[in-house]
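Work through the exercises below with the predicted model at hand. Each task is followed by a solution in steps.

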Amino acid sequence: MSRPRVAVCLSGCGYLDGAEIQEAVLTLLALDQAGAEAVCCAPDIDQAKVVDHRSGEPVAQRRNVLAESARIARGKIVGVSEVDVDSIDALVIPGGFGAALNLCDFAAAGPDCRVDPGVEAFIKAVHKQGKPIGAICIAPALLGRVLGRAGVNVKLTIGDDTGTAAALEQMGVTHRAAAVTEAVTDLEHKVASTPAYMLGQGPAEVFEGIRKCVDSVLAMVAVPTV
């Protein structure tokens with residue numbers, strides 16, 4: 001039996017303006033430990049902003065999301081528009097502010113956020129084919145915007161932050177509170193999510209939730225589409 005191929009959509013490199021590096025690496029680790037092949041991808045766009053991670057302050061620089069994401073993927077990465085949806089079995093989206101700044105602008109616009117067109121098309125194509133999707137940390141806001149706008153009342157978690165949970169509900173999805181070590185699975189819509197660093201204090205507990213999310217995604221790969 002061939003290894004499941006799972007697209008991992010990154011949003012840069014660094015939690016303040018891109019993908020949360022630990023979440024991304026732990027996702028890749030969980031996939032590898034489960035015997036799956038990761039296909040790293042990212043949109044070929046400029047970052048919404050660049051942040052000095054020592055000071056936490058924005059800096060006057062331009063960085064490309066795909067180029068920065070390649071740092072995490074060790075250079076083995078493609079643009080989201082280059083991914084053949086027919087050739088993958090699932091999608092996982094790590095968090096970090098990049099998911100809410102670059103993949104969409106939830107950080108600025110909340111429930112009325114705009115999603116990058118290429119990313120939105122990719123998510124829709126994966127969901128249309130009945131392939132499972134995992135969303136980590138703040139990435140459920142991105143997924144909620146895409147699926148909620150399509151009329152899909154998917155169950156998601158970002159942990160227990162009431163303000164963010166309310167924003168997700170405004171998008172037309174259902175929020176379920178969860179601990180950092182837990183994952184929420186919506187079998188009907190083939191979606192799994194986990195809070196990660198929305199709640200986590202360190203990589204050990206974050207990995208436990210991410211591993212459960214990834215395991216749930218992989219378990220749903222074999223579930224026939226209704």
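**Exercise 1.** How do the residues of the lining of the largest pocket divide into nonpolar, polar and charged?

*Solution.* Begin with the space itself: the largest pocket holds about 340 Å³. It is lined by 16 residues, and Leu 28, Ala 38, Cys 40, Ala 73 and Lys 76 are the closest to its centre. Sorting the lining by residue class gives 10 nonpolar, no polar and six charged residues. As for the elements involved, helix 1 (21–33) and strand 2 (37–42) each supply at least two lining residues, and strand 2 gives the most, with four.

**Exercise 2.** Find which parts of the chain are tied together by the salt bridge between Arg 3 and Asp 32.

*Solution.* The closest N and O atoms of this pair are 3.8 Å apart, inside the 4 Å cut-off for a salt bridge. Arg 3 lies in the segment before strand 1 (5–9) and Asp 32 in helix 1, so the bridge joins parts 29 residues apart in sequence. Arg 3 is partly exposed at 43% relative accessibility, while Asp 32 is exposed at 52%.

**Exercise 3.** Decide whether Glu 68 is buried or exposed, and do likewise for its partner Arg 71.

*Solution.* The two side chains form a salt bridge with an N to O distance of 3.3 Å. They are three residues apart in helix 2 (residues 65–72), about one helical turn. Glu 68 has a relative accessible area of 8%; buried means under 20%, so Glu 68 is buried. Arg 71, at 58%, is exposed. Finally, Arg 63 joins Glu 68 and Arg 71 in a network of salt bridges.

How values were computed: Residues numbered from 1 in each chain as written. Predicted model: local features only at pLDDT ≥ 70, side-chain atom pairs only at ≥ 80, totals over all residues. Heavy atoms only, no water. 1 Å grid on protein atoms, 1.4 Å probe; cavity = no way out; pocket = protein on both sides within 12 Å on 5 of 7 lines; lining within 4 Å. Points joined across faces, edges and corners; volume = space filled by probe spheres on them. Nonpolar A, V, L, I, M, F, W, Y, C, P; charged D, E, K, R; others polar. Buried < 20%, exposed > 50% of the residue type's maximum accessible area, 1.4 Å probe, protein only.
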